[in-house]
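Reader: I am a first-year student, and I would like a close look at one part of this model. Please take me through the place where parts of a chain meet, and then through a place where chains meet.

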Amino acid sequence: MSLQHTTLRALLAMAASIACAVAQDPATITDRRPVAFTNARILTMSGNTIERGTLVVKNGKIDALGADVTAPAGARIVDGTGMTIMPGLVSAWSRAGLGGQAAPRNDAGASRRGNRGQQAPMPMGGGGGGAQNRAATKVIESIYPKQEVFGDLLRTGITSLALTPQGSAFPGLGALLRPDGKTLEQLTARDDAFVMVTMAREQQTKKLFSETFEKAKKLVEERKKPPEAPKPAEAPAGDQKAGEAKPGEPKPGEAKTEPPKGEQPPKPEDKPKPDEKKEGQGGQGQGAPGAQAPAKKPEAPKDPNLEVLADLLEGKRKAILQIDSAADLLHWEAVAGEVKFPRTLVVSRHDTMSGTMDVVLDQLKAMKCAVLMQPDLSSLPRSRFLTHPAKRLHDAGIEVGFLLGDNPNTTRVLFFRLMELVRSGLPADVALRGVTLVPAKALGIEARTGSLEVGKDADLLVFRGDPLTPTGELQSVWLAGREVPQQP
Amino acid sequence: MRIQAILALAVLATTLVDLPAQGRGRRGPRPGDPNAEAATPPVAAPAAPAETKPKHYLAIVGGDVYLGTGQRLTGASVLIADDKIEAVGHNLTLPEGTTVIDAKGKVVSPGFVAVIGAGMGAGRSAPFADAVNPFDPEIKQGLAAGITSFLAGSTGGGSAPSGSNAVIKLAYGDVKAMVVQEDSVVGMSVPLPLADREKFADTVKKAREYLAAIEEFPKKKAADANAKEPPMPGGADKVVAILRGKARLWVSLGGGGFNPFGGGRRGGGGARANDIEGIRQALELSKLLGQGIVLQKPTSAWLVPDEIAATGSMVVLSPRDRMPADPTDPDHTGSNLASAAILAAAGVPIAVTCPVGMFGGAGVGTGGILGQDLNTPQIDAAFAVRGGLDNRKALRTITLDSAKMIGADARIGSLEVGKDADVLILDGDPLHYSTFVETAVVNGKVVYEKGKETLYSHIDRHTDRQNAR
Amino acid sequence: MALPAPPRLAAKLLLWGASASLLAAQHAAADQRAHPITAHLAARILPADAPPIDTGVLLEQGGKILAVGPRSSTPIPKDAKVQDHGNLWLCPGFVDLHHHVSGGGGDINDMVAPLNAEMRTLDVVKPSEESIRRAAAGGVTTTLFIPGSGTNIGGFGVLLKMRWGGSLEAMVIRELGAMKVAQGFNPERRSGDLGLSRMGSSELLVQLLERGRDYAAAWRAFAAGTGDKPKFDASLEQLRLVFDKTVPVLIHTAGARDCIATARMFQDVFDVRMVLSHGCFDGWVAATALAKRQTPVNLGPRMYEFDKYGRFQGTCQAYWDAGCHDMSINTDAPVVAAEELQLQAAMAIRLGLDYEVALRGLTIQPAQQIGIADRTGSLAVGKDADFQVTRGDPLDPRNPPELVYIEGTLVHRLGDIR
């Protein structure tokens with residue numbers, strides 16, 4: 001507590017001092033001068049660490065970086081001696097500002113509390129019951145934009161923030177936020193960043209999965225049919241429309257972030273952008289659309305939820321697949337193990353009562369995807385014998401990333417939690433990639449952020465000292481080349 | 001201790017679920033199973049016709065093997081091929097590549113079968129196959145107690161056949177192997193009002209007619225392509241399942257609540273159906289069905305062992321349930337510690353279960369009371385011995401005869417060729433209070449080793465030979 | 001002799017003889033004249049306070065043990081009646097200090113006031129109660145029948161021999177066997193008065209104990225001629241015996257915090273004879289502190305707790321390892337059935353406790369803790385001939401007592417009760 005306060009005070013002081021040098025009010029940030037951080041240690045995440053180098057920011061992007069880079073003429077120089085620069089944090093999964101925590105706290109705490117009166121674990125994920133296909137529902141639609149939490153998270157280092165719909169099975173489409181936004185449109189970087197898929201170990205959810213994936217597969221097959229093929233009855237008309245309307249026209253709207261990268265083997269290389277992403281009400285900016293394309297001829301009603309899932313199966317979308325325990329993973333394997341789609345696995349807690357993920361390494365490997373989990377150690381069931389799921393996954397060759405939590409208080413202690421993981425054997429670079437590049441890939445934004453490379457957004461965290469030492473101190477956060485004021 | 005604590009623990013203990021389930025059979029080794037992959041192809045595998053996958057052999061060698069049938073082989077071996085028992089006996093020839101576990105000086109026994117169980121990964125919502133938790137730490141606790149299978153769910157009750165349950169196997173880490181079969185037990189309770197008895201008789205009649213019609217159907221279909229399959233008579237599905245041999249009828253004889261301060265009675269005083277008349281009424285149902293039923297905790301059964309034996313019925317009981325005789329009622333003769341022995345002598349198969357007590361429970365409780373729940377199934381069998389049952393036969397009450405009660409004896413309950421390889425290696429007499437499970441094998445896989453799990457690894461077996469029985 | 005209702009008379013009687021009631025003494029004397037010596041021959045005798053004797057003999061006369069030893073060195077008088085038990089074993093009747101079921105039902109928690117030091121279970125014993133007979137059938141020959149733990153002081157328990165179906169007089173060893181105190185969990189009243197919390201109930205308890213201590217001291221001073229005659233207070237008469245140390249306190253307590261608080265209050269502050277009963281949950285964590293005080297512990301009905309590493313931590317073993325060696329084992333009947341006392345010991349052994357220690361925990365140890373070791377608890381010369389004959393290890397549930405004797409009289413034969 002006192003540590004946090006001290007850190008905070010230091011941060012504020014720092015911010016104040018830097019504020020003298022750097023224009024702070026967004027309105028006045030018309031300073032187009034490049035910024036050059038010199039003599040800094042640069043943790044690129046994607047390549048080698050540059051022990052002493054220069055990083056140049058220009059037009060919101062990283063213009064150059066390296067040991068031999070010299071600051072361009074006219075650049076504002078920030079002396080980075082003793083500083084470490086790393087990419088901004090990417091939170092791929094949170095309920096920030098939505099009410100209700102996405103991430104139950106690590107239940108290792110429960111087993112440490114004492115052994116008596118242990119409660120049976122709560123049902124996982126959405127808890128079943130309400131399992132339904134709402135895959136096209138956009139979580140962004142339930143957000144109230146004027147909340148301090150986004151800015152607060154940004155100031156703790158989260159430069160890319162995803163919001164997650166909640167519920168079992170297919171609760172909807174997740175959103176990607178620009179956490180410095182003040183209005184909904186400013187906030188919304190993407191309103192359909194990923195399809196949320198939430199596993200729960202109960203009949204309704206499992207049944208819904210098998211039935212829905214079956215329908216979605218069928219739809220994919222139908223989409224493959226040549227649009228011309230006239231068929232009897234009225235149904236084909238709709239299908240045909242679907243076929244031509246869908247993949248055909250890239251939205252003129254605005255250049256979205258890059259199309260999802262094809263890191264998943266089964267995914268076909270597809271050029272067309274999912275036009276669905278422009279759907280959703282509530283604004284004309286980034287996420288603004290008129291539902292389902294304006295003025296279509298009356299046609300057989302399409303199930304937008306199914307359309308989203310067909311996109312997913314075709315590899316046009318990515319999913320975040322939440323499976324909270326080893327037991328649930330085996331149930332998933334049984335019900336949908338054969339269904340292939342681009343995915344990142346989210347494990348929202350270490351569930352010792354239904355198996356932490358490190359007990360099903362073989363099955364996890366077979367899923368061929370990255371796993372995001374709580375940045376904590378776990379324990380054996382009903383025991384204080386500590387275990388290190390993240391390390392075990394990493395050692396097994398699985399890409400590991402971490403969940404950053406819903407509120408600034410959680411994020412403020414993130415680096416302490418990472419330190420514990422590192423002290424217990426996880427390589428430091430894995431820990432840091434796990435909060436930057438790995439979640440960036442989960443959101444399909446790794447071409448823009450998540451690592452320090454020329455041409456990427458200048459989303460930076462500047463530390464005095466090393467972020468993974470207790471004395472390392474976050475000094476400033478830069479979002480797309482602008483320093484984030486440390487006071488709202 | 002006081003009632004708050006009692007209630008709290010009672011709640012913990014009562015986690016039975018009452019929901020339908022759907023069947024899912026066992027399966028062979030999983031693709032990607034490290035054990036299966038590591039197996040080297042046996043050179044002299046006995047009779048492997050066109051097997052594509054080499055079998056994985058595991059042998060437990062040199063132990064005193066209790067078959068579960070009442071027999072014992074000294075210094076014998078059990079050979080397991082994949083998930084089944086391949087051979088049991090002396091001087092077995094082991095195929096090349098067999099993994100050998102030395103059991104010299106140990107006791108080898110079938111995994112214990114609990115006829116009434118809860119928890120242990122069975123899940124709380126139906127269907128069981130969709131909810132099982134193969135990593136529930138209670139599975140390890142159950143295995144440490146020797147349990148490899150148990151009946152989870154509700155065994156029904158009431159005036160018409162009902163219930164929703166599953167035989168759960170403690171196949172740690174294997175979702176698909178955990179449910180052996182679902183709804184193999186159907187329950188009713190007595191006393192039944194006359195109207196309900198007549199209704200049941202009518203249902204049995206309709207069920208028989210239906211089965212006869214089904215049998216006729218192929219012929220009818222051949223004659224008339226438009227013939228429709230006879231419809232299942234309303235409300236008869238459970239009875240049909242019984243008549244088809246897919247389910248066993250359990251008849252509950254009332255049993256009452258246990259008053260903690262009611263003078264140490266257990267098993268429910270005043271449960272009127274528990275007298276001879278109640279048992280006879282249950283046996284009437286057996287006669288209607290033309291097959292044996294399972295009497296659930298029939299306190300007075302020891303008075304009419306031959307009547308029960310004559311119907312081919314079986315009995316689930318806890319030797320420790322106590323119901324004092326009612327001196328004012330000559331029919332109300334109370335419980336008998338010797339019940340198991342008396343019934344067994346008449347040829348009635350017996351399964352024992354834990355007592356109905358404040359802290360007794362159908363699960364591997366964590367309430368701290370030991371010897372009253374499924375943490376020690378051997379203790380319940382030991383109490384049957386206390387009442388006079390032969391020590392060796394008593395093992396059947398928690399193995400083969402238990403498996404019969406839940407209709408799973410074709411697969412589990414004894415170490416016989418072709419059955420599931422659910423085997424325990426024990427460090428002594430199976431029914432001794434100090435005996436621990438050293439190794440538990442389920443479906444041919446080692447799923448519990450005392451030395452490697454936290455539960456009991458720190459305890460050495462009490463080896464006071466002087467005081468051994 | 002009628003059982004005295006006025007507390008004053010009861011107190012007087014108890015002051016006469018702390019351990020042996022007048023009644024029992026009279027009985028014993030009569031038996032001695034009427035009965036010859038009986039020699040019980042057994043394949044093995046477990047005296048409990050001495051090493052096992054193979055091919056042994058126990059001589060009984062008038063309800064008392066005349067001799068016990070190997071047949072080779074123990075002469076059997078010519079006129080003795082010989083009872084040859086063949087291959088069977090012989091061991092002392094068990095003693096259960098935490099037993100609630102000799103009253104034929106509940107009715108042992110007076111929930112009106114939090115402190116009931118003037119109450120006693122003597123008045124609610126039901127000699128025809130079935131569970132008395134069952135206890136005897138399980139080899140239990142002596143119990144302390146105590147009030148429940150619904151209130152801080154539940155009243156005084158009575159020490160009984162499990163002689164079923166006869167007179168109360170024939171059962172009672174000591175009318176005020178022990179004062180029952182309940183600390184922690186159960187007696188917190190959760191009502192709107194003092195005693196709502198553990199702090200409050202402790203405070204109420206201390207206030208009463210202080211009064212009792214002062215009252216007893218005043219009477220002692222008067223008896224010694226150093227003080228005035230105190231004003232008679234019926235409500236403190238029973239409590240007075242606790243402070244005269246003629247009657248111990250049996251304290252229901254569990255959990256490390258309450259175990260320590262209990263020992264501090266009753267041993268350090270009030271210095272009375274106490275037995276800590278239950279000691280469950282994480283009570284064993286406090287066992288080292290109890291060992292320093294040599295607190296007598298009476299453990300059960302819970303026999304284990306999961307430790308912080310998820311292991312079965314045997315409660316008895318944990319106390320033993322911490323140095324609490326004055327240890328007895330209970331059933332808390334009906335929590336565990338009274339006749340399953342041997343199973344409690346068996347479970348303690350399963351979880352690591354030494355066999356001899358467990359056997360002592362059912363016999364000599366509880367007898368010493370409650371102050372009747374001169375009467376029962378082991379097979380030693382001069383003690384009551386309370387013993388059982390079993391097919392083998394008396395702690396194995398497969399071996400029911402074939403015969404059970406109380407004071408030389410056969411009270412149970414296998415098959416007598418179903």
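Author: Chain A is divided into two domains: domain 1 covers 2-87 + 451-483, and domain 2 covers 90-443. Keep in mind that this is a predicted model.

Start with the boundary inside chain A. Here 21 residues of domain 1 of chain A touch 20 residues of domain 2 of chain A. Putting these two domains together buries about 1,600 Å². Carbon and sulfur atoms give 77% of that area.

What about charges? Between domain 1 and domain 2 of chain A there are zero salt bridges. Polar contacts come out at zero residue pairs too, counting pairs with both residues at pLDDT 80 or more.

Which elements build the domain 1 side? Four elements of chain A each give two or more residues to the side that touches domain 2. They are the helix α1 (2-21) and the strands β5 (83-87), β17 (460-464) and β18 (473-479). The most comes from β18(A), with four residues. By type, this side of domain 1 of chain A splits into 15 nonpolar, four polar and two charged residues.

Now move to a boundary between chains. The contact between chain B and chain C takes 57 residues from chain B and 58 residues from chain C. The buried area is about 5,100 Å². Carbon and sulfur atoms give 54% of that area.

How many salt bridges lie between chain B and chain C? The count is four. One salt bridge joins the side chains of B:D429 and C:R398, with 2.8 Å from N to O. Polar contacts are found as well. Across the interface of chain B and chain C there are 16 such residue pairs, with both residues at pLDDT 80 or more.

Look next at the chain B side of this interface. Two helices of chain B, α1 (3-13) and α9 (377-386), each supply at least two residues to the side that touches chain C. Of the elements, α9(B) gives the most, with six residues. The residues on this side of chain B divide into 23 nonpolar, 26 polar and eight charged.

Put the two boundaries side by side. Inside chain A, the meeting of domain 1 and domain 2 has zero salt bridges, and carbon and sulfur atoms give 77% of its buried area. Between chain B and chain C, there are four salt bridges, and carbon and sulfur atoms give 54% of the buried area.

Key: Residues numbered from 1 in each chain as written. Chains lettered and ligands numbered in written order. Predicted model: local features only at pLDDT ≥ 70, side-chain atom pairs only at ≥ 80, totals over all residues. Heavy atoms only, no water. Contact = heavy atoms within 4.5 Å. Buried area = accessible area lost by both parts, 1.4 Å probe. Polar contact = N/O pair within 3.5 Å; in protein donor to acceptor, adjacent residues only side chain to side chain. Nonpolar A, V, L, I, M, F, W, Y, C, P; charged D, E, K, R; others polar. Domains from an automatic or database assignment.
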